[in-house]
Amino acid sequence: MKPFMLSVNGMLFDSANYLDVINPATEEVVAPCPVITRGQFEEVVQGAQCAYESWRNVPLDERRKTLIAIAEVIEQHSEELARILTAEQGKPYDAALNMEVAGSAIWCRTMSEMDIPVEVLSDSGTKRVELRHEPIGVVGGIVAWNAPLIISLWKLVPALLAGNSIIIKPSPYTPLTTLRFGELIQQVLPPGLVSIVTGTDELGQWMTEHPGIHKISFTGSVPTGKKVMQSASDTLKRITLELGGNDAGILLPDVDPKQVAEKVFWSAFANSGQICSALKRLYVHEDIYEETCQALVDVANTVKMGNGMDEGVALGPVQNKMQFEKVASLITEAREQGGRFLCGGEIPDGRGYFIPVTLIAGMTDGDRVVDEEPFGPVLPIIKYADVDDAIARANNTIYGLGASVWSTDMDAAIDVANRLEAGMVWVNEHSTVSPVEPFGGIKQSGMGVENSELGLLEFTHMKMVSINR
Ligand code: NAD
């Protein structure tokens with residue numbers, strides 16, 4: 001692969017320092033990634049500030065056109081971006097190309113049509129009161145490693161549409177797709193409007209502390225989210241926090257396990273479980289418990305895991321060694337606690353951070369694999385007898401990202417949905433996302449939302465204008 005460069009004020013720069021990006025399927029180095037210096041970072045912030053001063057005055061329709069131009073660049077280079085994404089993240093090439101890269105272009109196109117309204121709050125003839133939404137300034141986007149490109153776009157698209165400039169920091173585990181994307185889009189952007197900066201976690205702190213950055217949109221873990229909030233408080237930055245989740249799904253007794261198994265399976269195991277809003281705890285009524293376990297095993301048996309570039313592979317490895325070890329330790333502890341392994345659970349020898357699809361029966365609340373977010377291909381299946389009890393257990397967590405209920409009885413399902421404490425509740429599906437639906441958590445899963453017009457407005461300040469005629 002050709003060297004990856006930092007985009008600083010529209011120009012490409014190298015760095016004296018590098019970190020190696022590892023392919024999780026082979027444990028080989030994909031490519032070195034530049035580590036930005038403090039001096040270069042200061043230039044980036046200054047450039048972003050200058051770009052913002054002009055961009056905020058560019059008419060909304062022109063900003064929309066720029067987003068379409070970005071979508072076109074993504075589409076023209078989709079195969080290259082998807083290959084880099086599979087190499088560094090591990091996800092199957094088909095998912096990289098047709099979901100993450102294609103989705104990134106769709107986000108640009110769909111959100112580019114959204115409006116930033118001027119609301120008239122009152123108009124009496126002599127006095128008119130308006131609520132306007134104005135850009136914030138320089139946005140810092142800090143991104144996790146599970147879906148580096150599309151999470152970057154979830155920040156970039158609304159930031160630019162609202163009239164801000166943006167500096168994006170991908171995770172040191174998966175920086176390359178975003179670096180290449182940053183390089184490619186410079187041709188359709190004014191200098192400094194979008195910068196991609198890479199380095200270690202310390203760079204994240206430089207961003208959250210910096211007085212020249214006015215908003216942080218952060219996606220990552222709960223502990224890091226707390227650090228971001230603390231660090232951003234010095235300059236009272238605006239923040240959106242998209243953090244971890246430990247989503248529960250509840251199968252009501254009327255569900256036909258064979259009918260829902262495929263959908264439930266992919267709700268939990270897409271991207272090898274490395275999705276913040278994946279289904280991570282499955283509560284199943286005792287009447288359908290054994291049948292559900294079997295139906296999920298039957299789906300698991302049809303799914304091939306391997307190197308994402310190989311034909312027919314539907315699931316890749318865990319993205320990095322740290323996460324691999326965390327998931328492995330949850331499995332070991334579940335075994336020691338007497339969990340019944342329906343499939344998986346044995347970690348193969350050989351190269352790559354592969355953890356087979358692991359379905360564990362016989363676990364309950366209080367067990368670490370139930371209480372903690374695995375963020376890997378492991379699903380505990382928990383038996384319940386009473387739906388009120390299942391709802392209470394689903395809600396008994398610090399997290400509040402997503403939750404789901406599955407049933408053919410819509411009244412019963414909606415009653416459960418009403419009582420689930422989460423930022424997103426799905427009926428008969430889980431973890432679906434769309435540019436027009438708000439995405440975000442409550443409790444310690446974060447604050448604020450991304451996507452939809454509500455997410456767009458998080459990249460603006462409200463300004464009340466009272467006009468006395
Ligand atoms: P992480 O918190 O370790 O890292 C996230 C980002 O923060 C990385 O870019 C990292 O370099 C940076 N960072 C680290 N320390 C920092 C600091 N002190 N200040 C500022 N930035 C810092 O998370 P991760 O391991 O990359 O991602 C996995 C977690 O992200 C999971 O908990 C997952 O659920 C969550 N996640 C949430 C969403 C969502 O939208 N809610 C989406 C994807 C992932």
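## A guided tour, starting at tryptophan 55

Select tryptophan 55, which sits in helix α1. The model you are looking at is predicted. Is tryptophan 55 buried or exposed? Its relative accessibility is 4%, so tryptophan 55 counts as buried. Now show what surrounds it. Setting aside neighbours within four places in sequence, tryptophan 55 is in contact with Arg63, Thr66, Leu160, Gly163, Asn164, Pro190 and Leu193. Pick out leucine 160 from that group. The side chain of tryptophan 55 reaches the backbone oxygen of leucine 160 at 2.9 Å. Then pick leucine 193. Along the chain, leucine 193 and tryptophan 55 are 138 residues apart, yet 7.8 Å separates their C-alpha atoms.

**Next stop: threonine 198**

Select threonine 198, in the loop between β9 (194-196) and α7. Its relative accessible area is 1%, so threonine 198 is buried. Which backbone oxygen does the side chain of threonine 198 reach? That of proline 34, at 2.6 Å. Show the other contacts too. Not counting residues up to four places away in sequence, threonine 198 touches Leu6, Cys33, Pro34, Val35, Ile36, Pro170, Pro175, Leu179 and Leu203.

**Helix α7**

Leucine 203 takes you into helix α7, residues 201-209. Which residues of α7 are buried? Colour Leu203, Gly204, Trp206, Met207 and Thr208: these are buried. Now look at what covers them. The cover includes helix α1 (38-55) and helix α8 (222-233). Strands β7 (138-142), β8 (165-169) and β10 (215-219) are also part of that cover. You have met α1 already, as the helix that holds tryptophan 55.

**Two packed helices**

Select α3 (residues 78-89) and α6 (residues 176-185) together. Two packed helices are described by the angle between their axes and the distance between those axes. Here the angle is about 155°, and the axes are 8 Å apart. The cut-off for roughly antiparallel is over 145 degrees. Helices α3 and α6 are therefore roughly antiparallel to each other. Now show side chains on both helices. On the α3 side, choose Glu80, Leu81, Ile84, Leu85 and Glu88. They meet Leu176, Thr177, Arg180, Phe181 and Leu184 of α6. How many residues of each class make up this contact? Six are nonpolar, one is polar and three are charged.

**The ligand**

Select the ligand and show the residues around it. There are 29 of them. The closest are Asp201, Ser221, Thr224, Leu243 and Glu373. Next, zoom in on the ligand's oxygen atoms. At valine 143, a polar backbone atom is 2.7 Å from a ligand oxygen. At tryptophan 145, look at the side chain instead: an N or O atom there is 2.9 Å from an oxygen of the ligand. Threonine 224 also uses its side chain, with an N or O atom 2.7 Å from a ligand oxygen.

**Last stop: two asparagines**

Select asparagine 271, in the loop between α9 (257-269) and β13 (279-285). Check its backbone angles. Phi is positive, about 55°, although asparagine 271 is not a glycine. Asparagine 271 has 16% relative accessibility, so it counts as buried.

Move on to asparagine 428. Where is asparagine 428 found? It lies in the loop between β18 (424-427) and β19 (446-447). Its phi is near 60°, again a positive value in a residue other than glycine. With a relative accessible area of 21%, asparagine 428 is partly exposed.

How values were computed. Residues numbered from 1 in each chain as written. Predicted model: local features only at pLDDT ≥ 70, side-chain atom pairs only at ≥ 80, totals over all residues. Heavy atoms only, no water. Axes fitted to C-alpha atoms, helices over the stretch in contact; angles between N-to-C directions. Helix = DSSP H or I, 4+ residues; strand = E, 2+ residues; numbered from the N terminus. Parallel < 35°, antiparallel > 145°, perpendicular 65-115°, else oblique. Contact = heavy atoms within 4.5 Å. Nonpolar A, V, L, I, M, F, W, Y, C, P; charged D, E, K, R; others polar. Buried < 20%, exposed > 50% of the residue type's maximum accessible area, 1.4 Å probe, protein only. Near = heavy atom within 4 Å. Polar contact = N/O pair within 3.5 Å; in protein donor to acceptor, adjacent residues only side chain to side chain.
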